[in-house]
Amino acid sequence: MSAEERREQLLAAATSLIAERGYWALSMQDVADSCDLSLTGLLHHFPSKDALLVAVLARHDELEVRALDEEFGVTQPPGVPPASPLVDWNGVDLWTACQATVERNARQPELVRLYAVLEAESLAPDHPAHGYFMERQEHALALFRHLAGAGEGAEALARKVLALMDGLQLQWLRDPSLDFAETWRRMAADIRADH
């Protein structure tokens with residue numbers, strides 16, 4: 001296995017274990033064991049548990065934004081980080097971008113669960129992902145404001161849309177029988193009609 005393949009294997013294992021147990025219950029030894037690797041071998045790729053967590057989050061964000069780029073038929077210019085307000089989807093509006101995101105999330109409940117668990121844990125200021133999730137929320141709001149277009153209601157609309165998306169995701173994770181994408185579609189249509 002190449003170093004890059006091993007790194008991907010470790011990130012996938014860590015993603016699954018964090019989603020199942022949360023960050024605080026994760027041990028580096030568990031990640032190493034799940035990949036039939038020694039702890040020393042894991043530390044060669046990720047020198048700390050915090051470094052592993054940041055890599056898991058960064059990998060997921062990059063994969064998600066790149067998948068949406070592909071869906072919308074665009075390529076971001078070099079240097080534009082994933083989940084950045086600089087992401088440009090060539091005139092794709094807020095509703096199209098959110099619907100595509102919800103549909104992607106509905107197909108990957110484990111990753112959505114991972115983010116839900118980590119986001120809740122990271123409310124503690126000493127959590128290693130505290131700053132990451134604060135910045136991610138600000139990036140999401142900035143992107144939603146940008147996609148909503150200019151106007152005095154853009155800030156309130158961005159917050160409302162993000163709150164709806166996050167809230168529905170939690171309800172869906174608790175009750176997988178909920179049709180997440182269809183419920184989002186109906187509720188988003190109500191918000192859209194009000195704006």
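Guide: Two residues are in contact when they have heavy atoms within 4.5 Å of each other. With that in hand, welcome to this predicted model. The buried residues of H6 pack against helix H1 (3-21), helix H4 (49-72), helix H5 (94-106), H7 and helix H8 (154-174).

Visitor: Which are the buried residues of H6?

Guide: They are Val 112, Leu 114, Tyr 115, Leu 118 and Glu 121.

Visitor: What makes Tyr 115 count as buried?

Guide: Buried means under 20% relative accessible area. Tyr 115 has 7% relative accessibility, so it counts as buried.

Visitor: How do you know that Tyr 115 and Phe 133 form an edge-to-face pair?

Guide: Let's take it in two steps. Ring centres must lie within 6.5 Å to pair, and planes over 60 degrees apart count as edge-to-face. Here the centres are 5.8 Å apart and the planes stand at 80 degrees, so both conditions are met. This is one of four aromatic pairs found in a search of the whole structure.

Visitor: What does the pair of Tyr 115 and Phe 133 tie together?

Guide: Tyr 115 belongs to helix H6 (residues 109-121) and Phe 133 to helix H7 (residues 130-148), so the pair links parts that are 18 residues apart in sequence. Phe 133 is buried too, with a relative accessible area of 5%. Tyr 115 and Phe 133 also join Tyr 132 in one aromatic cluster.

Visitor: Why is the pair of Trp 172 and Phe 180 called stacked?

Guide: Planes under 30 degrees apart count as stacked. The planes of Trp 172 and Phe 180 are at 15 degrees, with ring centres 5.0 Å apart, so this pair is stacked. Trp 172 is buried at 7%, and Phe 180 is buried at 1%.

Visitor: How do you know that Glu 121 has no salt bridge?

Guide: A salt bridge needs a side-chain nitrogen of Lys or Arg within 4 Å of a carboxyl oxygen of Asp or Glu. For Glu 121, the nearest side chain of opposite charge is Lys 49, 7.9 Å away, so the cut-off is not met. Glu 121 is nevertheless buried.

Visitor: What does Glu 121 touch, not counting residues up to four places away in sequence?

Guide: Glu 121 touches Gly 22, Tyr 23, Trp 24 and His 127.

Visitor: And where does the charged end of Lys 49 sit?

Guide: The charged end of Lys 49 lies over the ring of Tyr 23, 4.5 Å from the ring centre. The distance cut-off is 6 Å.

Conventions: Residues numbered from 1 in each chain as written. Predicted model: local features only at pLDDT ≥ 70, side-chain atom pairs only at ≥ 80, totals over all residues. Heavy atoms only, no water. Phe/Tyr/Trp six-rings, centres within 6.5 Å; stacked < 30°, edge-to-face > 60°. Helix = DSSP H or I, 4+ residues; strand = E, 2+ residues; numbered from the N terminus. Buried < 20%, exposed > 50% of the residue type's maximum accessible area, 1.4 Å probe, protein only. Lys NZ or Arg CZ within 6 Å of the ring centre and 35° of its normal. Lys, Arg positive; Asp, Glu negative; His and termini not counted.
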